[in-house]
Structure formats: structure tokens, C-alpha cells
Amino acid sequence: MAKKKKNNAISMIESDRQWKVESALRTIKDYNELVKDKKLMKEVAVKAKEVAKEASAIAGGNFIEGDKEIKFGK
């Protein structure tokens with residue numbers, strides 16, 4: 001009976017790995033389509049800066065934009 005459980009565990013690990021591979025492939029395909037949309041990518045860049053600034057403010061650190069450092073916190 002223990003051998004059956006071991007085989008089942010291996011099967012689950014292989015299944016999980018296969019799902020990760022397929023998920024990564026979907027991510028790559030999505031990325032390749034998204035970067036073609038220049039307007040969307042500009043909007044994404046603006047949003048990414050907002051999120052980075054919020055995270056930096058929470059962490060009390062600084063935010064680098066381009067080559068200049070923006071100070072946050074105390």
C-alpha cells in the first residue's frame with residue numbers, strides 16, 4: 001500500500017510540474033501579445049510607478065525613477 005501512495009505522490013508532483021510549464025507558456029504568450037500594444041504598455045508603466053511608490057512609502061525607503069532617487073518617508 002505504501003508503494004501506491006509513493007507513486008501517487010510522484011504523479012501529483014509531475015502533474016504540478018506540468019501545470020507550471022503550461023502556465024509559464026501561457027505567460028510568455030500573453031507577454032508577447034501585450035508588448036505589441038504600445039498604448040497599453042504606457043498605461044502599465046504609469047501604474048507600475050504608482051505601485052512602486054506606494055510600496056516604497058510603506059517600506060519607508062526611496063524610489064528610483066530613471067537615474068534620480070525620490071526620497072520617501074521620514
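## Salt bridge within helix α1

In this predicted model, Lys20 and Asp16 lie 4 residues apart in helix α1, which means that about one helical turn separates them. Their side chains meet in a salt bridge, with an N to O distance of 3.7 Å. Lys20 counts as partly exposed because its relative accessibility is 44%, and Asp16 is likewise partly exposed, at 39%.

## Further salt bridges

The count of salt bridges comes to 3. In helix α2 (residues 38–59), Lys47 and Glu50 are 3 residues apart, about one turn of the helix, and their side chains form a salt bridge at 3.7 Å, N to O. Lys47 has a relative accessibility of 49% and is therefore partly exposed; Glu50, at 36%, is also partly exposed.

A salt bridge also joins the side chains of Lys36 and Glu33, at 3.5 Å from N to O. Lys36 is exposed, with 60% relative accessibility, and Glu33 is exposed at 53%.

## Nonpolar surface patch

Leu34, Met41 and Val44 make up a nonpolar patch on the surface, and together they have about 220 Å² of accessible area. Leu34 belongs to helix α1 (residues 2–34). Its relative accessibility of 40% places Leu34 in the partly exposed class.

## Overall architecture and surface

The chain contains 2 helices and 2 strands, arranged along the sequence in the pattern α-α-β-β. Of its 74 residues, 4% are buried. The chain exposes about 6,900 Å², of which carbon and sulfur atoms supply 59%.

How values were computed
Residues are numbered from 1 along each chain as its sequence is written. This is a predicted model: local features need pLDDT of at least 70, side-chain atom pairs count only at pLDDT 80 or more; totals for chains, interfaces and linings use all residues. Side-chain values use heavy atoms; hydrogens and water are left out. Patches are made of residues with over 30% relative accessible area and no salt bridge: like charges are joined within 9 Å, nonpolar side chains (Val, Leu, Ile, Met, Phe, Trp, Tyr) within 5 Å. Accessible areas come from the Shrake-Rupley method with a 1.4 Å probe; for residues, only the protein chains shown count as cover. A salt bridge is a side-chain nitrogen of Lys or Arg within 4 Å of a carboxyl oxygen of Asp or Glu. Buried means under 20% relative accessible area, exposed over 50%, partly exposed in between (1.4 Å probe, protein chains only).
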